[in-house]
Amino acid sequence: MSGGRAARALSGVLLAGALALTGCTASGGDSGDDDKAAGAGQQAAAPEGAKDAAGSQADTSGGRKRPKLTGTHVIRTATLTVRVKDVPKALDEARAAAEDAGGIVGNESTSRDDEGRERSRVVLRVPQDTYEDVLKSLEGTGRLLDREAKAQDVTDQVVDVESRVKSQRASVTRVRELMEKATKLSDVVTLEGELSTRQADLESLLAQRASLKDRTSMATITLSLTESARETAERDDETTFGDALTGGWDVFLTGLRWIGIALAAILPFAATAALLLLLWLRRSHRKQGNNAP
């Protein structure tokens, strides 16, 4: 009995030690991978620097070109406010510019203010390499009122997430290997709980990596379009047949109303005059009758 207890105790100690070693190896793998990534970055930086130097020397002889940065991850966002003559037309042009550049059209909203001016807001997602071209195209749709562009360098964050994903996958693999070797139910239950936790952490890291990839590969442009006041006034001044007919009918009814008011005001005087005229005629008729032979 004492030998069985000693064997179970020894097995528990070995399992705890294996899990601790797995966790330490995973955390150590993060730092190790970071060091490897940093070393690789330094090794890659030297050739790239040499290439840039050679390129700059070559450019001095025949036209200077802007060097392209490689290995960087940047999140780009921009907000534009443009005043246009025709909001629906400008909105169609913005959609076409984004789709032609390989992008997509996101949320849209349209409203009209108290003065009757139409306003539209649309969110566009375009690839990074066509970002500047699309911005210039959108600015050319009308009069630019406001522009705000932001660029956030997340290269370190991308490298860190990639390293953590690699280490976490290795950690999950090691726990699965321990589960295959486990013979006791208690050990299997413990390892299953540990595996579930590490898989959840891995899924979270994968979601972070996917989000970073989406935001660094596609730039976001929020475009606000507003209609000019002059175009709105000209549109309001345009008179249609229906407007003319409605206005004429209103004038006709107004004339009838004023005629009725005038007749109502004259009626008491007309009635009094008619009564006096009737009395005078009757009196004159009596006088003529009395003077007759």
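Colleague: Which residues does Gln-168 touch, not counting residues up to four places away in sequence?

Modeller: To read contacts, skip the sequence neighbours and see what else lies against the residue. In this predicted model, Gln-168 touches Arg-198, Asp-201, Leu-202 and Leu-205. Gln-168 itself sits in helix H4, residues 155–181.

Colleague: Is Gln-168 buried or exposed?

Modeller: Compare its relative accessible area with the cut-off. Buried means under 20%. Gln-168 has 14% relative accessibility, so it counts as buried.

Colleague: Arg-198 was in that contact list. With which residue does the side chain of Arg-198 meet in a salt bridge?

Modeller: The general idea comes first. Side chains of opposite charge can pair when their charged atoms come close. Here Arg-198 meets Glu-194, at 2.7 Å from N to O. Both lie in helix H5, residues 185–217. They are four residues apart, about one turn of the helix. Glu-194 is partly exposed, with a relative accessible area of 27%. Arg-198 counts as buried, at 7% relative accessibility.

Colleague: Which residues do salt bridges that share partners join into one network?

Modeller: Asp-92, Arg-95 and Glu-108 are joined in that way.

Colleague: How many salt bridges does the structure hold?

Modeller: The structure holds 11. Among them is the pair Arg-112 and Glu-118, at 3.6 Å from N to O. Glu-118 counts as buried, at 14% relative accessibility. Another one is Glu-148 with Lys-150, at 3.7 Å. Glu-148 is partly exposed, with a relative accessible area of 40%.

Colleague: Now the overall plan. How many helices and strands are there in the protein chain?

Modeller: There are seven helices and five strands. Read along the sequence, the pattern is α-β-α-β-β-α-β-α-α-β-α-α.

Colleague: In what order do the strands stand in the sheet?

Modeller: Sheet order need not be read from the strand numbers; look at which strands pair. Strands of a sheet pair through backbone hydrogen bonds, either parallel or antiparallel. Here five strands form an open sheet in the order E2-E3-E5-E1-E4, and the pairing is mixed.

Colleague: Which strands stand at the edges?

Modeller: Strand E2 (104–112) and strand E4 (143–153) do. Each has a single partner strand, so one side of each is left without a neighbour in the sheet. The twist averages 10° from one strand to the next.

Colleague: What does the mixed pairing look like, pair by pair?

Modeller: Take the pairs in turn. E1, residues 74–84, runs antiparallel to E4, and 10 bridges join them. Ala-78 has Ala-149 as its bridge partner in E4. E1 and E5 pair in the parallel sense over eight bridges. There, Thr-79 has Thr-222 in E5 as its bridge partner. E3 and E5 pair in the antiparallel sense over nine bridges. For Val-126, the bridge partner in E5 is Ala-219.

Colleague: Why is E5 described as largely enclosed?

Modeller: Count its buried residues. Eight of the 10 residues of E5 are buried, so the rest of the structure largely encloses this strand.

Colleague: Which strands do helices H2 and H3 lie against?

Modeller: Helix H2, residues 87–100, packs on the sheet. H2 touches E1, E2, strand E3 (118–127) and strand E5 (218–227). Its direction makes about 5° with that of E3. Helix H3, residues 131–139, lies across E1, E3, E4 and E5. H3 runs at about 10° to E1.

Colleague: How far apart are Pro-127 and Ser-217, in sequence and in space?

Modeller: Sequence distance and space distance are separate readings. These two are 90 residues apart in sequence, and 6.0 Å apart in space, C-alpha to C-alpha. Pro-127 belongs to strand E3. It is buried, with a relative accessible area of 15%. Besides Ser-217, Pro-127 touches residues including Ala-101, Gly-102, Gly-103 and Met-218.

Colleague: Last one, the surface. Which residues form a nonpolar patch there?

Modeller: Look for nonpolar side chains that group together on the outside. Trp-249, Phe-252, Leu-253, Leu-256, Ile-259 and Leu-263 form the patch. Together they have about 620 Å² of accessible area. Leu-263 is found in helix H7, residues 241–291. Leu-263 is exposed, with a relative accessible area of 56%.

Colleague: What share of the whole chain counts as buried?

Modeller: Of the 293 residues, 23% count as buried. The accessible surface of the chain comes to about 20,300 Å². Carbon and sulfur atoms hold 56% of that surface.

Conventions:
Residues numbered from 1 in each chain as written. Predicted model: local features only at pLDDT ≥ 70, side-chain atom pairs only at ≥ 80, totals over all residues. Heavy atoms only, no water. Patch = residues over 30% accessible without salt bridge, like charges linked within 9 Å, V, L, I, M, F, W, Y side chains within 5 Å. Areas by Shrake-Rupley, 256 points an atom, 1.4 Å probe, with all protein chains shown as cover. Salt bridge = Lys/Arg side-chain N within 4 Å of Asp/Glu carboxyl O. Helix = DSSP H or I, 4+ residues; strand = E, 2+ residues; numbered from the N terminus. Buried < 20%, exposed > 50% of the residue type's maximum accessible area, 1.4 Å probe, protein only. Pairing = 2+ DSSP bridges. Axes fitted to C-alpha atoms, helices over the stretch in contact; angles between N-to-C directions. Contact = heavy atoms within 4.5 Å.
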